[in-house]
Amino acid sequence: MKKVLSILLALSMTLVMDGCAGGSTATGTTDENKVAEDATQGTGTSSDVMSYEEYMAADLDSEVVIEAYVQAKQSWWENQATVYAQDEDGAYFLYNMACSEDDYELLVPGTKIKVTGYKSEWSGEVEIMDGTFEIVKGDKYIAPALDVTEMLGTDELIDYQNQFVEFKGMTVEAAGQDENGNNVAFLYNWDGSGTEGDDLYFNASYNGETYTFTIESYLCDSNTEVYSTVKSLNIGDTIDMEGFLYWYEGANPHITSVTVL
């Protein structure tokens, strides 16, 4: 794969140089010059961009190049951004991607970006690390929520890792106990060691099986509606949820919306 990508990249660069050598006197645009123009202006799809299938088949720690659409921004810190991105075929978690604060403001949902980085895995989560990006002019895309409720507890669920998904008709279960030994519907941090502003962990069941869900505070902080909604849940409530199918030692959905039915 690396060898093929190198050949394609070399061909792309040759076309760019040929286009530049032509100067501004040309009265028409050949197919080759159009490719070069697209590559330099950040429009269109370059030949080195992988399909989602090719990305998933790539070796860990190998360089990957993808194009996808921003769905949500999780965080920005010290010129690094963490972003959820998706296209019609699959989704990507872009971790610590090089990004200025000004550019971070441009990464609004729906924006198409080209990302070059390294495919990595951490506790089951497949992601792109140490990436760089450029904004690609053109169409926008917001992924609809995919209902994966029936996939909970199955091997099939991981095929939709990092996608925007929904869970329907879940029942809130006890997440743990408070300092007085009373069952509670959520915990600050996974073990209850946190305070206001930290991640929220809560449990919900479907067909007799219980699963854990997270409000990732970098993604949805304590000022968001979903954070407040989870804090007000009662054990036994029936809820619908939307969020991103993050993975950590198994499914660890990062929820962005909760509706009490």
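Biologist: Let me start with a strand pair: which residue in β14 stands opposite Met-241?

Modeller: That residue is Val-258. Please keep in mind throughout that this is a predicted model.

Biologist: What makes β13 and β14 a pair?

Modeller: Two strands count as paired if there are at least two bridges between them. Here 6 bridges join β13 to strand β14 (residues 254-260), so the pair meets the requirement of at least two. The two strands run antiparallel.

Biologist: And how do you know that β7 pairs with β13?

Modeller: By the same kind of reasoning. These strands are joined over 6 bridges in the antiparallel sense, and the rule asks for at least two, so they pair. One of the facing positions is Glu-166, which stands opposite Glu-242 in β13.

Biologist: Why is β13 called mostly covered?

Modeller: Of its 7 residues, 5 are buried. Buried here means under 20% relative accessible area.

Biologist: Which residue meets Asp-240 in a salt bridge, and what makes the contact count as one?

Modeller: The partner is Lys-168, with 3.6 Å from N to O. The cut-off is a Lys or Arg side-chain nitrogen within 4 Å of an Asp or Glu carboxyl oxygen, so a Lys and an Asp at 3.6 Å satisfy it. Asp-240 sits in strand β13 (residues 238-244) and Lys-168 in strand β7 (residues 164-173), so this contact ties together parts that are 72 residues apart in sequence.

Biologist: Are those two residues buried or exposed?

Modeller: Asp-240 has 17% relative accessibility, so it counts as buried. Lys-168 is at 36%, and since partly exposed covers the range between 20% and 50%, that label belongs to Lys-168.

Biologist: How many salt bridges are there in the whole structure?

Modeller: The search finds 4. Another one is formed by Lys-114 and Asp-48, whose closest N and O atoms are 3.4 Å apart. Set against the limit of 4 Å, that distance qualifies. It links distant parts of the chain: Lys-114 belongs to strand β4, Asp-48 to the loop between α2 (31-41) and α3 (52-57), and they are 66 residues apart.

Biologist: Why is Lys-114 called buried?

Modeller: Its relative accessibility is 13%, and the label applies under 20%. Asp-48 passes the test too, with a relative accessible area of 10%.

Biologist: What is the salt-bridge partner of Glu-196?

Modeller: Glu-196 pairs with Lys-231, the closest N and O atoms being 2.8 Å apart. Glu-196 is in the loop between β10 (187-188) and β11 (200-206) and Lys-231 in helix α5 (residues 225-231), so parts 35 residues apart in sequence are tied together. Glu-196 is partly exposed at 43%, and Lys-231 is partly exposed at 34%.

Biologist: In what order do the strands close into a barrel?

Modeller: The order is β1-β2-β3-β5-β4, and the pairing is mixed. From one strand to the next, the twist averages 50°. Within this barrel, strand β4 (residues 112-122) and strand β5 (residues 125-135) run antiparallel and are joined by 9 bridges. In β5, Ile-128 is the bridge partner of Lys-119.

Biologist: What lies nearest the centre of the largest pocket?

Modeller: Trp-122, Asp-199, Glu-216, Tyr-246 and His-254 do, out of 30 lining residues. The elements that each give two or more residues to this lining are β1 (63-77), β2 (80-86), β3 (91-98), β11 and β12 (209-215). The largest share, 4 residues, comes from β1. The pocket holds about 640 Å³ of space, and its lining divides into 15 nonpolar, 11 polar and 4 charged residues.

Biologist: How many cavities of 30 Å³ or more does the search find?

Modeller: There are 2. The second largest has about 40 Å³ of space, which is over the threshold of 30 Å³. Its lining includes Tyr-52, Met-56, Ala-91 and Gln-161. Two or more residues each come from α3 and β3, and α3 gives the most, with 3.

Biologist: What classes of residue make up that lining?

Modeller: The lining of the second largest cavity has 6 nonpolar and 2 polar residues, and no charged ones.

Terms used: Residues numbered from 1 in each chain as written. Predicted model: local features only at pLDDT ≥ 70, side-chain atom pairs only at ≥ 80, totals over all residues. Heavy atoms only, no water. Axes fitted to C-alpha atoms, helices over the stretch in contact; angles between N-to-C directions. Buried < 20%, exposed > 50% of the residue type's maximum accessible area, 1.4 Å probe, protein only. 1 Å grid on protein atoms, 1.4 Å probe; cavity = no way out; pocket = protein on both sides within 12 Å on 5 of 7 lines; lining within 4 Å. Points joined across faces, edges and corners; volume = space filled by probe spheres on them. Nonpolar A, V, L, I, M, F, W, Y, C, P; charged D, E, K, R; others polar.
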